[in-house]
Amino acid sequence: MLKVGIVGCGKIADGHASAIQTIPGCEIVGVCDREPLMARQLHERFPIGGCFASVPELLDKAKPEVVHITTPPEGHYDIAKLCLEQGRHVYVEKPFTVYAWQAQELIELAERQKVKLTVGHNYQFTHAARRMRELIRNGYLGGSPVHMESYYCYNLTDPSYARALLGDKNHWLRRLPGKLLQNIISHGIARIAEFLTSEEPYVLAYGFVSPLFKKINEEEIVDELRVIISEQERVTAYFTFSTRMKPAIHEFRVYGPQNSLILDDDHDILIRLRGRNFKSYAEKFIPPISFAKQHIQNLGTNLKLFLKRDFHFDSGMRYLIESFYRSVRAEIPVPIPYPQILLTARIMDMIFDQLASRQPQCNIAFQTSSKSSEGLETC
Amino acid sequence: MSEPNDQFIVSPDVPILVTGSAGFIGSRVVQSLLGRGFRNLVCFTRPTSKLVRLETVLRNGPPDAHVQVLEGNLLSRQDCEHASRNVGLIYHLAAGTGEKSFPDAYMNSVVTTRNLLDASLKGSCLRRFVLVSSFSVYSNCENPSGSLLTETAPVEEHPYLRGEAYCFGKIGQEEMVSEYGKKFGIPYVVVRPGSVYGEEKSAIPGRVGIDTFGFFLHLGGSNTIPFTHVENCAEAIVLAGLVNGVDGEFFNVVDDDLPSSRKFLHDYKRNVKRFKSLYVPHAASYALCYLWEKYSEWSKGQLPPAFNRKRWYTYWKKTYYTNEKLKKKLGWVPKISTADGLQRFFHNAARGEEHA
């Protein structure tokens, strides 16, 4: 039985506990939170061995082999470091770390300690995402991707989230270098990073505070972001984050030299775009039939998965956790290769550095990503 | 304007804290306190609260009243200490209301309540802590169908199994207050309002039915709906804080002459807007909740347990309600009759529909 611990008992910890309890051969031996009441409420609702007030106590008494870190991102690096140093495998919720140098250090430490590490980029493991990966692996694109488009929008009309963030000037999210963006965009950036090979791609970021936020005197939180990423003029990508676009889509488009693919995360749909054209008016009539057929096939797949009880809202998370546990037990590769984790962190660093250096408001303090200058700088 | 009563545990100049004071009920509590001659109020609000209701109340209040509107977050112990300094009475109405997530509901209801109780321990002048809870805490599972729900009815033992984060938070709050009462001797009273309605709300209560699936399912049938008009409810809450000799008591708040779900829906359709509804008999709604619950278990949460038997017992089982204890121990009398209150409610809801 694989012993699992959870550090941080907020909203996302519920998703982890729910997923873990459905995975055979593992048990949650303990949870901990700085706020003992929060640890208690999780312990009350799930079959959990014990609840603790500190990470050392959890590691010492419950002795988990794998630790899930579901705290706010500021704590990820220190907690993961502590767990890795004690020889525990670690699953860190997204964003992996606040800065890329922290990601680098954790990966090196995990390799030295011969333990495994992963990050909660669970959307990369939804059913449709896995089908997409399989098609690409089998050469559907006809070569390496030429261009990618990743949309990761956010619906800020969710009153609980908006109230918590906008109403609290001390909210932890405001202390992150990328603020709201940092907590959300890693899912969309990781999609692109999966198909890049260089360690330092060219990144051009443009972000701004939406009129909606300005209207409520929120000048600090950038909630509109457009990014161009380019790898040695071989592969390019666009990333879009928006709180204004409706519907708030979550989509990934990957264009190859022969064919392309559209992954729609909101509806768990994968659409193939064939590179071959039909002649004359046939181009206007046959492809729509093919698209209709594909949508019906997607519907069939989703229904089949639902009837097989394998279509949970967090199926990506469950799959990722299960794959990570398999890699822990059976010395097989981790589900998300370390260079991908690192590249995602580096691209995010570059985005936030650029936003900080171009921010027109001079009274706002930004943090820079270099390890040597950890303090606050003003533009 | 009413004069302060000699039987009250605090005098008019004692500072009184009202959390959630900008809310639907909270603003009426402030209004009622000012109306009773209490002049020294601390109104605690969230930074994101819409202050329109509270500002209206304060604008129309007595000019000599000393009302401090304090913006803060009850998750901050410092804010709690600041708010509760030297207060003789606390009306705690702030809670996580709309959260669907259990941790969020718990944090915004239970952790905040603990912080406020801890802060109140630092002073020595607190005479009573009034917690505004909810009818949703009752399990109503053991009560035979058609019986009377009183304050002695058992509360939900495993609230998380009802799949309702709000109830989980509310029960946690009550437990926290009881625990502090026992451990530290904090005098407290718990008020459990039924379905609070008023002119500013136009939604049909879930006890009547739901429109989750795109059309209205009428689930209440002949059940009585435990309505209480917001002004009557605020009056009960205020009295629960003031009246002598009720420490440790729990009070249900419902009005007189409660309508059945069927009557309410009929009047709503006639006065507000016409729409189609499908009546689901109690046996059928119970069966649906049972099947949903079992499917949720079998599929390991593929469908969340939003409908289940525990929820059915609480909201759709035939039950009657009483306000006898409220009248007897607090001397509460509803200021607004149900007929008048509902007429005003329908009138405003219809106006809202026209504007929409």
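**Core, domains and chain contacts in a predicted model**

User: Leaving aside neighbours within four places in sequence, which residues is B:Val18 in contact with?

Analyst: This is a predicted model. Neighbours within four places in sequence are set aside, and contact is judged by C-beta atoms within 7 Å. On that basis, B:Val18 is in contact with B:Gly26, B:Val29, B:Val30, B:Leu41, B:Cys43, B:Phe44, B:Tyr91 and B:Leu93.

User: How many residues does the largest nonpolar core have?

Analyst: B:Val18 is listed with B:Val29, B:Val130, B:Val191, B:Ala236 and B:Ile237 as having the most contacts inside the largest nonpolar core. In soluble globular proteins, nonpolar side chains tend to be buried together. The count for this core is 191 residues.

User: Which helix of chain A gives the most to the largest nonpolar core?

Analyst: The core in question is the one of 191 residues. The greatest contribution, 11 residues, comes from residues 338-358 of chain A, that is, from helix H13.

User: From which domains of chain A does this core draw at least three residues each?

Analyst: The domain assignment of chain A gives two entries, the second of them written in two segments. At least three residues of the core come from each of domain 1 (2-123) and domain 2 (124-316 + 343-358).

User: How many residues does the other core have?

Analyst: Another core lies apart from the largest one. Among its residues are B:Ile210, B:Leu219, B:Phe307 and B:Trp312. Its count is 9 residues.

User: Which elements of chain A give two or more residues to the side of domain 1 that touches domain 2?

Analyst: The centres of the two domains of chain A, taken over C-alpha atoms, are 27 Å apart. Contact between them involves 16 residues of domain 1 and 20 residues of domain 2. By class, the domain 1 side has 10 nonpolar, 4 polar and 2 charged residues. The elements giving two or more residues to that side are helix H1 (11-20) and helix H5 (100-113).

User: What is the radius of gyration of chain A?

Analyst: Chain A contains 13 helices and 15 strands. For its 379 residues the globule rule gives 21 Å, and the computed value is close to this, so chain A is as compact as a globular protein of that length. The radius of gyration is 21 Å.

User: How many residues of the side of chain B that touches chain A are nonpolar?

Analyst: Between the chains, 20 residues of chain B are in contact with 23 residues of chain A. The chain B side includes 7 polar and 5 charged residues. Its nonpolar residues number 8.

Methods. Residues numbered from 1 in each chain as written. Chains lettered and ligands numbered in written order. Predicted model: local features only at pLDDT ≥ 70, side-chain atom pairs only at ≥ 80, totals over all residues. Contact = placed C-beta atoms within 7 Å. Nonpolar A, V, L, I, M, F, W, Y, C, P; charged D, E, K, R; others polar. Helix = DSSP H or I, 4+ residues; strand = E, 2+ residues; numbered from the N terminus. Rg over C-alpha atoms; globule rule 2.2 N^0.38 Å. Core = buried A, V, L, I, M, F, W, Y, C linked by C-beta atoms within 7 Å. Buried ≥ 20, exposed ≤ 12 C-beta atoms within 10 Å, placed from the backbone. Domains from an automatic or database assignment.
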